[in-house]
Every structure is written in C-alpha cells, then in structure tokens.
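Reader: I'm happier with a pipette than with a model viewer. Could you walk me through how to read a fold?

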Amino acid sequence: PHSILSCFVCRRVLFGGIFMGKADRELQTCPYVAKCGACHIGEKSYEEELAEKKAQVVTHIGKYCGKINDVAGMYYPYHYRNKVHAVFGRIKDEVVAGTYEEGTHTIIPVSDCLIEDTQASAIIRTVAGLIQSFRLWVYNEDTGRGLMRHILVRKGASTKQIMVVLVTASPEFPHKNNFVAELRRMHPEITTIVQNINDRQTTMVLGEREKILFGQGYIEDVLMGLRFRISPSSFYQVNSAQTQVLYKRAIQAAGLTGKERVIDAYCGIGTIGMCMSAKAAHVTGIELNAQAVKDAKANAKRNHINNIHFIAADATEYMTRMSQNGEKADVIVMDPPRSGSTEAFVKAAASLKPSRIVYVSCNPETLGRDLAWFGREGYRAQEAFPVDMFGFTEHIETVVGLHRKDM
Ligand code: SAH
C-alpha cells in the first residue's frame with residue numbers, strides 16, 4: 001500500500017533507491033506518524049534529512065572539530081530496526097500492540113511500522129491476537145493491574161535468529177505452554193522466547209527476573225565477521241548494516257598497528273573492542289551492565305580472541321582508578337549513552353596519555369560538551385564522521401577522532 005512499485009511478498013519498494021530515484025523514496029507514508037511521534041517519516045525526503053542532520057552536528061561540534069564529513073546515509077532507509085518494542089493495550093474489546101501517544105497512557109496501535117523489521121512487526125501482531133484468544137489480561141499503566149505489559153522482538157540481521165521477550169507484571173503466566181506452542185507454530189522462525197517479569201510501575205520496559213520459555217535465551221548475530229551473543233537486556237546497535245559503516249570508521253580513526261593497548265569504554269557486549277583486537281596488543285572493555293559483560297566474555301571465547309578482557313564497572317570509576325594507579329593506554333575508544341560521558345572520565349582518560357581517542361556518540365549535544373572538556377585536557381578533534389543509524393528520526397550517530405595536541 002505504500003508505493004507504486006512494491007514487491008508482492010515483502011511489500012518493500014523494488015530497487016529501493018537505485019532505479020527509483022529520489023522522488024520515489026519519498027512515496028512511503030505512514031498512517032500513524034501524526035500521533036506516534038517516534039519518527040517523522042513522510043515530512044521530508046531522506047536526502048533533506050541527511051543534510052539537516054549534518055547541520056545539527058556542525059552546530060554542536062563545529063567549533064571543536066576541524067573537519068565534519070557528510071552524513072553516511074542508508075542505502076535503503078526503511079525497516080532497518082532489528083529491535084522492536086511494543087506495549088499492549090486494549091481498545092474497546094480488542095487487544096492491541098503499539099506505542100503510547102507522547103506523554104500519555106493512550107495507546108496508538110501500530111501494526112506495520114516503516115522503520116521496524118517486518119518479521120518482528122508480524123510476530124507482534126500475532127502475539128496481540130494470542131493474548132486476545134487466550135483471554136489473558138492486558139496490563140493497565142494507571143491501575144497497575146493486569147498481566148501482559150510489553151513485547152520486545154530482536155532479530156540477528158545476518159543469522160536471522162529471532163528472540164521474543166514477553167514482559168509480564170507477575171511470574172504467573174496462565175496457559176504458558178500452549179501460548180508458546182501456538183506462537184512457535186505460527187512463527188517457526190522464532191529461535192528463542194523469554195518471559196521477563198517487571199512488577200514495578202516504571203517506564204523501564206524490562207524488569208530484572210527472566211524465565212526462558214523456549215530456546216537458548218539469547219540470539220546471535222554476525223558483525224564484521226565475528227559472532228556475537230546478545231541477551232535480552234544487553235545493548236546491541238539497532239541498525240546492523242550501518243553499524244558496520246560506523247565501526248569501520250571507528251577502527252580507521254583508531255589508527256592501530258598491532259602494538260597498542262586499547263580501552264573500549266562503554267563496551268556493551270564487546271563488539272567494537274573485539275573488532276579492533278586483531279590489530280591491537282591488548283583490549284580492555286568496560287561496561288556497567290553485568291549481563292552485557294557476561295555476553296562479552298562469552299563472545300571473546302566464541303571468537304577465540306585471547307587479548308581482550310572485560311570489567312563490569314562504571315566507566316568513570318574504573319578509569320579514575322586506572323589513572324590513580326598510574327596506568328597508561330595508547331588508544332581509548334568510548335561509546336557512552338545519550339547522556340554522554342563525565343568530566344571525571346575525560347580527566348582520567350587524558351591522564352592515561354593515549355595518543356588517540358575515538359569518541360562514538362549518539363548525541364551531538366553531549367558530544368560537543370565532552371569535546372570541550374577534552375580540549376582543556378589537550379586533545380583536539382580532527383575529523384568527524386556522522387553516520388545515519390536512525391533514518392526518519394531526530395537521532396544521528398557520530399565518530400570523532402581526537403589526537404593529543406603535543407604529538
Ligand atoms: N559500544 C557498544 C555499546 C554502546 S551503548 C556497542 O557499540 O554496541 C552504551 C553502553 O554503555 C551500554 O551498553 C550501557 O549499558 C553502557 N553504560 C551506560 N552507562 C555506563 C557507565 N556509567 N559505565 C559503563 N558503561 C555504561
């Protein structure tokens with residue numbers, strides 16, 4: 001329904017971008033966009049968006065960074081999200097899955113999102129239908145009553161493994177075995193199903209308790225030729241194709257020769273550090289989420305990488321300890337969350353005297369603030385490479401290479 005020339009099977013635009021040209025890329029429109037608020041698809045062309053994103057990066061880091069490249073855009077900017085989340089609700093007598101209208105508890109049913117993985121969307125529709133036919137209670141945010149809260153679907157873009165996480169308000173899940181059997185029968189492509197229990201009245205999707213209902217409890221994906229295990233609560237970049245573009249830039253900016261001691265701060269399941277390990281003497285990954293650190297350790301083993309180790313700690317605290325112990329590093333890679341890093345981290349990082357720092361940022365605003373701190377510590381940003389990981393949203397990812405001014 002979204003464009004003139006679309007495939008009968010997957011409904012994607014044929015030849016996305018190559019033969020159809022710019023105008024045709026604009027044809028896709030979304031019926032939910034006005035209320036959903038997660039993206040602004042249909043408002044402007046993808047090309048215009050990339051230009052605006054570059055301008056945004058220039059605004060925030062232009063005065064600290066010598067050269068800012070054009071944004072590396074996606075080849076096909078639709079259905080790129082490998083992680084899809086929906087909340088369950090009830091509209092009249094019907095169970096629906098979707099998103100809350102911004103700032104409210106009013107549910108907007110979304111059944112076919114243009115930026116999310118299509119297989120994930122189909123599974124979510126099925127689960128909403130199963131909740132209805134098994135007569136399970138849907139959780140109500142206002143009263144705190146009911147059972148079924150959220151669904152999270154994650155797909156390994158290259159392995160095609162699919163994980164379904166059903167978030168419930170209590171551990172009791174009536175008809176659980178039949179529910180799982182029916183879901184697997186309708187979607188044999190699912191490789192693991194996990195129940196996550198979140199009994200708190202919070203905006204956080206996942207709670208701390210988990211039960212594996214089917215399969216291994218995690219999926220695997222292949223990125224840059226390495227195989228990674230991803231657990232439900234571990235961070236994994238949502239756009240796999242662009243992640244490789246991003247990581248290649250980060251590896252390039254690190255300028256490794258095989259002799260360097262590298263720190264991968266905010267490392268998640270260890271992806272960046274492991275992709276750099278073949279060209280480094282040793283890598284230390286630092287990550288706060290204990291589950292992600294477990295994944296990272298398993299991933300190193302799985303890929304037979306012996307020159308990497310992982311520390312479960314707050315990055316600022318651990319870096320400060322390294323600095324107090326007089327330790328040194330040659331290259332520091334850092335990839336903090338949207339809130340950015342801390343001044344104490346920046347001071348500690350500088351005192352380890354790395355010749356290069358690679359900053360991977362998902363928020364140009366905090367990136368600018370942190371680059372100013374690095375400037376005071378003697379590190380200059382030389383070149384920035386913005387990469388679009390989140391088409392049709394406000395978000396933009398940037399890799400910045402910094403060098404010590406006296407080198
Ligand atoms: N580099 C990884 C993960 C980046 S996302 C990748 O490319 O996949 C940011 C990561 O920082 C998340 O895994 C999050 O759990 C972690 N994190 C958040 N706050 C942290 C802190 N204070 N110290 C260490 N890690 C932190």
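Author: Gladly! Let's begin with a term we'll need for angles: an axis is a line fitted to C-alpha atoms, and angles run from 0 to 180 degrees between N-to-C directions. Keep in mind that this is a predicted model.

Reader: Which strands does helix 9 lie across, and how is it angled to strand 12?

Author: Helix 9 (residues 315–324) lies across strands 11, 12, 13 and 14, and runs at about 135 degrees to strand 12 (282–287). Helix 11 (residues 364–376) packs on the sheet too, where it touches strands 14, 15, 16 and 17. The direction of helix 11 makes about 160 degrees with that of strand 15 (356–361).

Reader: How should I read the sheet itself?

Author: Here is the general idea: strands of a sheet pair through backbone hydrogen bonds, either parallel or antiparallel. In this model, an open sheet of eight strands follows the order 1-16-17-15-14-11-12-13, and its pairing is mixed. Strand 1 (65–68) and strand 13 (308–312) are the edges; each has a single partner strand, so one side of each lacks a neighbour in the sheet. From one strand to the next, the twist averages 15 degrees.

Reader: How many bridges join strand 11 to strand 14?

Author: Four, and the two strands run parallel. To find one of them in your viewer, look for Ala 265, whose bridge partner in strand 14 is Met 334.

Reader: What about the nonpolar core?

Author: Think of a core as buried nonpolar residues joined through side-chain atoms within 4.5 Å. The largest one here has 98 residues, and those with the most contacts inside it include Ile 61, Phe 374 and Val 400. Helix 6 (residues 240–254) gives the largest share of this core, six residues. A second, separate core has 29 residues, among them Ile 123 and Leu 166. Back in the largest core, Val 400 touches residues that include Ile 61, Tyr 359, Leu 371 and Ala 384.

Reader: Is Gln 237 buried or exposed?

Author: Buried means under 20% relative accessible area. Gln 237 has 6% relative accessibility, so it counts as buried. This residue lies in the loop between strand 10 (226–230) and helix 6, and its contacts include Asn 82, Tyr 247, Asp 335 and Glu 397.

Reader: And how many disulfides does the structure hold?

Author: Zero. For Cys 36, the nearest cysteine sulfur is that of Cys 39, 6.3 Å away, whereas a disulfide needs sulfur atoms within 2.5 Å. Cys 39 is in no disulfide either, with the sulfur of Cys 30 nearest at 6.0 Å. Cys 36 is buried at 16% relative accessibility, and Cys 39 is buried with a relative accessible area of 16%.

Notes: Residues numbered from 1 in each chain as written. Predicted model: local features only at pLDDT ≥ 70, side-chain atom pairs only at ≥ 80, totals over all residues. Heavy atoms only, no water. Buried < 20%, exposed > 50% of the residue type's maximum accessible area, 1.4 Å probe, protein only. Contact = heavy atoms within 4.5 Å. Pairing = 2+ DSSP bridges. Lists of a residue's contacts leave out its neighbours within four places in sequence.
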